[in-house]
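Trainee: Could you take me through the salt bridges here, one pair at a time? I would like to know where the partners sit and how buried they are.

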Amino acid sequence: MNHTKGKAESATGAGEPPFSKQRQGGKRFGGKLLFLDRNDINTDEIIPARYLNESSREALRPFLLEDLKLPGFDPAKNIAGKAALITRANFGCGSSREHAPWALEMNGINIIIAENFARIFRQNTFNCGMLAVELPASTIDEIFSEFSKLETTLAVDTQEALLVFSGGKEKKVKKVPFKLTGFERALVEAGGWVDYAESRY
């Protein structure tokens, strides 16, 4: 069942978001936000193919977005401390490897927001117990316009299907509803497909 709310709301000086990062299935959703202002970021840019033979998921951690070409972006400086990512359209296109969401997960990123995702990448993300949230292009535009130059924190309420962005010294706040099916919510609350399956079969 989809949960669809009204339009996004913005406010300045409204204080902190009404809830902090939630814990679901042992994971925390939300945190400091990384902005990647580009369409069509593919899985080879998320984690280069030369690292696919690494022996563990953790071994992928240093190489996240190493080959991404984006003005002003330096993976060595911009990834650390981020737990959420927002980008444009068609994120995760290219090959269907699971290593791309693994590399994001190993760097502490637990939610990705985009206009849309490559289908297999999006499912792999939920299978890892992470959120892949799709928002209209106009809403993505507003978020980039209002927050990309600010240090921004994202809070996530999976029960209400609500994102709360807050940033800047004046604590500018924007509330954005999103869609989450019952199965998707069950996956992230369980911590991913393996834990979901083990709890039911």
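Mentor: Start with E134. In this predicted model, E134 is partly exposed, at 34% relative accessible area. Its salt-bridge partner is R122, with N and O 3.8 Å apart. E134 belongs to strand 6 (residues 131–134) and R122 to helix 4 (residues 119–127), so this pair ties together parts 12 residues apart in sequence. R122 has a relative accessible area of 18%. The cut-off for buried is under 20%, so R122 counts as buried.

Two further pairs span longer stretches of sequence, 48 residues in one and 53 in the other. Take E105 and R57. Their side chains meet in a salt bridge, 3.5 Å from N to O. E105 is in helix 3, while R57 is in the loop between helix 1 and helix 2 (75–78), so the bridge ties together parts that are 48 residues apart in sequence. E105 is buried, at 17% relative accessibility. R57 is partly exposed, at 37%.

Now R97 and D44. They form a salt bridge too, and their closest N and O atoms are 2.6 Å apart. This pair links distant parts of the chain, 53 residues apart. R97 lies in the loop between strand 4 (82–86) and helix 3 (99–106). D44 lies in helix 1 (residues 43–46). R97 is buried, with a relative accessible area of 16%. D44 is partly exposed, at 37%.

Line the three pairs up by partner:
- E134 is partly exposed; R122 is buried.
- R57 is partly exposed; E105 is buried.
- D44 is partly exposed; R97 is buried.

Why can such side chains pair at all? Opposite charges can pair when the charged atoms come close.

How many salt bridges does the structure hold? The count is 14. Some join up into a network, which links E142, E146, K172 and K174.

The network brings us to helix 5, which covers residues 137–147. Which of its residues are buried? They are T139, I140, I143, F144 and F147. Seen down the axis of helix 5, these buried residues fall within an arc of 135°, so they line one face of the helix. The spacing follows a general rule. An α-helix has 3.6 residues a turn, so residues three or four places apart point the same way.

Terms used:
Residues numbered from 1 in each chain as written. Predicted model: local features only at pLDDT ≥ 70, side-chain atom pairs only at ≥ 80, totals over all residues. Heavy atoms only, no water. Buried < 20%, exposed > 50% of the residue type's maximum accessible area, 1.4 Å probe, protein only. Helix = DSSP H or I, 4+ residues; strand = E, 2+ residues; numbered from the N terminus. Arc of directions from axis to C-beta. Salt bridge = Lys/Arg side-chain N within 4 Å of Asp/Glu carboxyl O.
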